[in-house]
Amino acid sequence: MTKTPTDADLNALDITPGEAAEINAISHPLLADAAPDADSSLVQIDSTPEGIVFITINRPEKKNAFDAATIAALREAFETLHGADHIRAVFLRGAGGTFSAGADLSWMRDAVEWSESDNRDDAMGLARMLRALHDIPALTVALVEGAAMGGGAGLVAACDMAVAVEGSRFAFSEVKLGLIPGTIAPYVIEAVGARKARQLFLSANIFDADYAAHVGLIDMVLPDGSVEEFISMLTDSLTANAPGAMGAAKRLVHDLAGRHLDHGLMEDTARRIARARVSAEGQEGVRAFLDKRPPRWAE
């Protein structure tokens, strides 16, 4: 007879019962409440004239847990930025002090009753959303506050850069439910490497921001209350960069990662830099440098 796991069973750390209750309320995907009807406020998008975009998962009452409607809204938001060549950076965060608790209770309950084919179709929704985030031409930055669990931690891995506030918690707890972190795995493996991914996925332990930085899931741990200062510092530094060149540099990394260094690769890279040199941005940037003036995009 199958035993239903208790909170104690699901908690992987040697912590007090009170701490376990608080963390499991965030980390365990089956503890998020049912999703409300879909509406246009599930994901908020804000932008500045300097080409900085803020995407906020807006389900704070559910700790920004995923359901199908939220995943669809995120994918739509990400895809709208694919052709926006004036965008320099996209910041992704969760409303209400939590990045994302992972999967929503109602969504998980429904999936238990679906066929394998239905579950595959549903999982492709998450896979497409993550790919849409990964393929945004601009620099994507995850701002983690509170917790990023399961699929939420997958979002972090799919970004180009990630920072977390002190005290933030992370986990890939899928194996505790008899599941695997399937659709998020390519991004986590790219972020932390295969060996660290095996350790994180198979242990399913909850870990803090310092350990997330140690394994490479995030790039920096921020003191509490310093998120806005970090955003300001990074955006100020990016205004000197040509938006189109940033997108081309990102494509360069995507296209070259893992390729063998041969004559074909050398020709490819030479062709890319030649194209950049004769582009409008390339011409303006070099001329501005020689004239000792700021380029037009930095004025």
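**Figure 1. Overall view of the predicted model and its surface.** The accessible surface of the protein comes to about 15500 Å², and 55% of this area belongs to carbon and sulfur atoms. In this predicted model, the chain of 299 residues has 43% of its residues counted as buried. The secondary structure consists of 13 helices and 9 strands. When contacts between residues at least 6 apart in sequence are considered, 70% of them join residues that are at least 24 apart.

**Figure 2. Close-up of a negative surface patch.** Four residues, Glu166, Asp208, Asp210 and Asp224, form this negative patch on the surface of the protein. One of them, Asp224, is placed in a loop, which runs between strand E9 (220–222) and helix H10 (227–238). Is Asp224 buried or exposed? Asp224 counts as exposed because its relative accessibility is 67%, and the cut-off for calling a residue exposed is over 50%.

**Figure 3. Close-up of helix H13 and its buried residues.** Helix H13 spans residues 280–290, and within this helix Gly282, Glu284 and Ala288 are buried. Which helix is included in what covers the buried residues of H13? Helix H12 (263–278) is part of that cover.

**Figure 4. Close-up of the residue Lys292, just after helix H13.** The backbone at Lys292, a residue that comes just after H13, takes a positive phi of about 55°. This view can be read together with the previous one, where the buried residues of H13, including Glu284, are shown.

Methods:
Residues are numbered from 1 along each chain as its sequence is written. This is a predicted model: local features need pLDDT of at least 70, side-chain atom pairs count only at pLDDT 80 or more; totals for chains, interfaces and linings use all residues. Side-chain values use heavy atoms; hydrogens and water are left out. Patches are made of residues with over 30% relative accessible area and no salt bridge: like charges are joined within 9 Å, nonpolar side chains (Val, Leu, Ile, Met, Phe, Trp, Tyr) within 5 Å. Accessible areas come from the Shrake-Rupley method with a 1.4 Å probe; for residues, only the protein chains shown count as cover. A salt bridge is a side-chain nitrogen of Lys or Arg within 4 Å of a carboxyl oxygen of Asp or Glu. Lys and Arg count as positive and Asp and Glu as negative; His and the chain ends are not counted. The place of a charge is taken as NZ of Lys, CZ of Arg, CG of Asp or CD of Glu. Helices (H or I, at least four residues) and strands (E, at least two) are DSSP runs, numbered from the N terminus. Buried means under 20% relative accessible area, exposed over 50%, partly exposed in between (1.4 Å probe, protein chains only). Contact means heavy atoms within 4.5 Å.
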